[in-house]
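Thank you for making room for me this morning. I would like to walk you through a single chain, taking the pockets, one helix and then the charged pairs in turn.

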Amino acid sequence: MSASDTPSRQPLDRRLSVAPMMDWTTRDYRYLARLITRHTLLYTEMVVAQAIVHGDRDRFLSFNEEEHPVALQLGGSDPQLLAEAARISEQYGYDEINLNVGCPSDRVQQGKIGAILMAEPALVAQCVTAMQAAVSVPVTVKTRIGIDDQDDYDFLFRFVDHMKQAGCTSLTIHARKAVLSGLSPKENREIPPLIYQRAYAIKQAFPDLEIILNGGVKTLQDVHEHMGEVDGVMIGREAYQNPYFLADADRVVFADDRPVPSRRDIAEQFLPYIERRYALGHAPKHALRHILNLFQGEPGARKFRRHLSENMHKPGTTPDVLMDALAQLP
């Protein structure tokens, strides 16, 4: 697939998106999510620029045509390397290239990737400028509100101003600071307090920038309330741990009144995809793990989940295990 194969691009609608999450927002999950919501913008897991330039590109960049609109998140801090990775990625047909300036993990920091870059806004601006020169799709940035003791409004304002000067027009702000030592990535998603007002204030200070809010959003009612202050909302764990949460998104957020598919409909539509992947040599467990929570809160959900959990890892498992699991539902 190349950029020439993709339809002419409409401006991306970022009112609702699903956050890039390592090990979670794989191509299998994104295909499932697209069966639930037509319009929500989907993000890949973060891919390190070096892996694209020097590694197995197809492994990192291939995706299903049905996933559009879909954005790739890159990690890195070398402007030339990022520009080359962005150029290669655009040829695969992604609708947006996003730069990770928010991940706090130790491993990522050692590669000078993620939240640690907030301390060097001029370097991030160079990266953005180089990436923009290499591609025609939007280049965006996902960041935090601060790092360690550099967590006041002025610090964030200066960072965002650098992004604006570099020509970045859309920023996603995770409304927590990142603690770069002493907290795990999981703790960094839970312990630093959410300060939504910080993102709101940035939107007021930079009215011409698109500001997307991320962090702690669990309901479409939350999305609606934030939308009075910012341009869009990015959902993280809730969209993964309770995927059917997205079923009403098209109607509530995007005013698309087409019928909402049932959970069973979605599972049955997912089956041919798993069969196609299986025929290519991919074990069903890789796709099935993303559907474990589809029936969360419904009668029979525990039986469905247990049947999949106990059987999808067995040698010789075929995609039929999904139909067997559906048979556990009333």
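What follows is a short tour of this structure, and please keep in mind throughout that it is a predicted model.

Let me begin with the largest pocket, which holds about 750 Å³ of space. Its lining is made up of 31 residues, and those that lie nearest the centre are P20, M21, M22, K142 and R189. If we ask which elements each supply at least two residues of that lining, they are β4 (96-101), α5 (106-110), β5 (139-144) and α11 (237-241). Among the contributors, α11 provides the largest share, which is 3 residues. Sorted by class, this lining has 13 nonpolar, 10 polar and 8 charged residues.

The second largest pocket has a volume of about 600 Å³. Here 22 residues form the lining, with T26, R27, E45, R59 and F60 closest to the centre. At least two lining residues come from each of α1 (27-36), β2 (41-48) and α3 (57-61), and β2 gives the most, with 5 residues. By class, the lining of this second largest pocket has 7 nonpolar, 6 polar and 9 charged residues.

Now to a helix. Which residues of α9, spanning 196-205, are buried? They are Y196, R198, A199, Y200, I202 and K203, so that list includes an arginine and a lysine by the criterion of under 20% relative accessible area. As a general point, an α-helix has 3.6 residues a turn, so residues three or four places apart point the same way. The cover over the buried residues of α9 includes two helices, α7 (153-165) and α10 (220-226), together with the strands β6 (170-174) and β7 (210-214).

That brings me to the charged pairs. In general, side chains of opposite charge can pair when their charged atoms come close. The structure holds 15 salt bridges, and I will take three of them in some detail before turning to a network.

In the pair formed by K112 and E120, the closest N and O atoms are 3.2 Å apart. K112 counts as partly exposed, at 33% relative accessibility, and E120 is likewise partly exposed, with a relative accessible area of 33%.

For R258 and D256, the closest N and O atoms of the salt bridge are 2.7 Å apart. Is each partner buried or partly exposed? R258 is partly exposed, with a relative accessible area of 44%, whereas D256 is buried, at 10%.

The third pair joins R263 to E298, with the closest N and O atoms 3.5 Å apart. R263 lies in helix α13 (residues 263-279), while E298 sits in the loop between α14 (284-288) and α15 (301-311), so this salt bridge ties together parts that are 35 residues apart in sequence. At 15% relative accessibility R263 counts as buried, and E298, at 37%, counts as partly exposed.

Finally, the network: R14, E96 and E210 are linked to one another through salt bridges. With that, I am happy to go back to any of the regions on the screen.

Methods:
Residues numbered from 1 in each chain as written. Predicted model: local features only at pLDDT ≥ 70, side-chain atom pairs only at ≥ 80, totals over all residues. Heavy atoms only, no water. Buried < 20%, exposed > 50% of the residue type's maximum accessible area, 1.4 Å probe, protein only. Helix = DSSP H or I, 4+ residues; strand = E, 2+ residues; numbered from the N terminus. Contact = heavy atoms within 4.5 Å. 1 Å grid on protein atoms, 1.4 Å probe; cavity = no way out; pocket = protein on both sides within 12 Å on 5 of 7 lines; lining within 4 Å. Points joined across faces, edges and corners; volume = space filled by probe spheres on them. Nonpolar A, V, L, I, M, F, W, Y, C, P; charged D, E, K, R; others polar. Salt bridge = Lys/Arg side-chain N within 4 Å of Asp/Glu carboxyl O.
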